[in-house]
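Trainee: Please give me a close look at the charged side chains of this molecule, and at the stretches of chain that carry them.

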Amino acid sequence: MRGFMDATATLRGIHLGDLYVATPVMLAPMAGVTNPPFRQLCREEAEKGLRAAGYHPLKEEHIPGTFAPAGLWVCEMITSRALVERERQTMTMIEPDPLDPVRSIQLYGVEPKTVAAGIRMLISENRADHIDLNFGCPAPKVTRKGGGSALPWKLDLYEELVTRAVEAAREASKDRDFTIPVTIKFRIGIDGDHETFKDTARIAEDAGIVGFTLHARTTAQHYAGQAQWQYIADLVGQTALPVLGNGDIFEAEDAKRCMQETGCCGVAVGRGAQGRPWIFHDIAAMMHGSDALRLPGIREVAETIIRHAELSIEHFHDENRAMRELRKHIGWYLRGYAVGGAQRQTLGLVSTLDELKERLGELDLNQGFPDAAHGARGRAGREKQPRLPDGWLDSRELSEAQAAKIHEAEVDVDGG
């Protein structure tokens, strides 16, 4: 079912190859944000939304790893080279939310053989049930070397990469009960004069990719301006595969409108989830026919922050590091609530769980949910000239010089 007519309609799930996603919503990967503790909080909120809608999935009817009742909770972007080299931080990043029924990992790479090796490793070592390939990262440090959202411009490299990725997944899945699905996330193109999304989707579908997420902006837009959802509609009209719309999904109402306007079968949420894991409660409830909303007062937000801290300490096995990782989340959680500058500053410096609890206890915990907590999240910035390798736009094929240097696009990349 493509889209739905109103907030009380019940949305059908989607099939990504052998994977059935009963609630077509995805937590979009964000570097330094979508680690296992945060993914767990988002998943739990979506599950509460299912219960609010009266949806009770029967997991026992499905092979383990093939049924995502509440959505897909994708880890931070992983570089294929760091993965095959078993870099310690990367191996920590791919640790799953232990109760997630479908372990989703987003892989970034520029060398087909290395991406294929990473996929074989993930599957043969039983580390993933779903793999998403990143062709959407607009970060200058990535695109200036030909990676991320710059890569689909080079049709020969892109076709070889997605083809070998799918072949590797199929080969490595031979002894399993199901084939690990491979999906891709990408952008409209480099800029308005160099669109790539139609070729990106066509080549991927021919290669055996089973689903798409389109961030409806160009590399040049980065996160500026408004997402151009009409391109999502164009993609839906081109393919029979599931399409998730991405860009400017900040409320459940945005998800509903995106699906209605474009016909996409679901949404991916990135910045809209920062400090607001309960957005997935609202979207999941809506997708299953309920208008239930989670509008937490600050006391409940404080309880969520503490739980986030506890999960982080458990994950990192290091209280100090866990609190450092949490600090940016605290600012996002408290956005829109009446919290003074001095209090925000001290909360941004906490180094222990006890200190966090003490500082949160000093807030006015009688506040309800403020209107100011609604709306856009994350930095938008301005449109900017894409950073690309010299001569990158001169041809849709790699030159010998570009091919010799493309491996550099995986150096010093930690997400996007």
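Mentor: Happy to. Helices (H or I, at least four residues) and strands (E, at least two) are DSSP runs, numbered from the N terminus. This is a predicted model, where local features need pLDDT of at least 70 and side-chain atom pairs count only at pLDDT 80 or more, while totals for chains, interfaces and linings use all residues. Residues are numbered from 1 along each chain as its sequence is written, and side-chain values use heavy atoms, with hydrogens and water left out.

Let's begin at the surface. D156, E159, E205, D206 and E397 form a negative patch there. Patch members have over 30% relative accessible area and no salt bridge, with like charges joined within 9 Å and nonpolar side chains (Val, Leu, Ile, Met, Phe, Trp, Tyr) within 5 Å. Asp and Glu count as negative, Lys and Arg as positive, and His and the chain ends are left out; each charge is placed at NZ of Lys, CZ of Arg, CG of Asp or CD of Glu. Areas come from the Shrake-Rupley method with a 1.4 Å probe, and for residues only the protein chains shown count as cover. Two helices, α6 (155–172) and α7 (197–207), each supply at least two residues of this patch. E205 sits in helix α7, and its relative accessibility of 31% makes it partly exposed. On this scale, buried means under 20% relative accessible area, exposed over 50%, and partly exposed in between.

Next come the charges that have found partners. The structure holds 25 salt bridges, each a side-chain nitrogen of Lys or Arg within 4 Å of a carboxyl oxygen of Asp or Glu. One of them pairs R307 with E44, with 2.5 Å from N to O. R307 lies in helix α11 (residues 298–316) and E44 in helix α1 (residues 36–52), so this contact ties together parts that are 263 residues apart in sequence. The two partners differ in cover: R307 is partly exposed at 32% relative accessible area, whereas E44 is buried at 18%.

A second bridge joins R217 and D248, whose closest N and O atoms are 2.7 Å apart. Here loops do the linking: R217 belongs to the loop between β10 (212–215) and α8 (230–238), and D248 to the loop between β11 (243–246) and α9 (252–262), with their positions 31 residues apart in sequence. R217 is buried, at 0% relative accessible area, and D248 is buried too, at 17%.

D248 deserves another glance for its backbone. Its phi is positive, about 65°, although the residue is not a glycine. Most residues other than glycine have a negative phi. H222 is another residue of this kind, with a positive phi near 55°. You will find H222 in the loop between β10 and α8, where its relative accessibility of 15% counts as buried.

A third bridge connects R276 with E251, and its closest N and O atoms are 3.7 Å apart. R276 is in the loop between β12 (266–269) and α10 (279–287), while E251 is in the loop between β11 and α9, so placed that the pair links distant parts of the chain, 25 residues apart. R276 is buried, with a relative accessible area of 3%. Elsewhere, salt bridges that share partners join E45, K48, R294 and E300 into one network.

Helix α9 also contains A252, which is buried at 8% relative accessible area. From A252 to T213 the C-alpha to C-alpha distance is 18 Å, and the two are 39 residues apart in sequence.

As a bench biochemist, you may also want to know about covalent links between side chains. The structure holds zero disulfides, a disulfide being a pair of cysteine sulfur atoms within 2.5 Å. For C75, the closest cysteine sulfur is in C42, and at 14 Å that is too far for a bond. C265 has its closest cysteine sulfur in C264, at 6.6 Å, again too far for a bond. Both of these are shielded: C75 is buried at 1% relative accessibility, and C265 is buried at 7%.

Technical notes: Buried means under 20% relative accessible area, exposed over 50%, partly exposed in between (1.4 Å probe, protein chains only).
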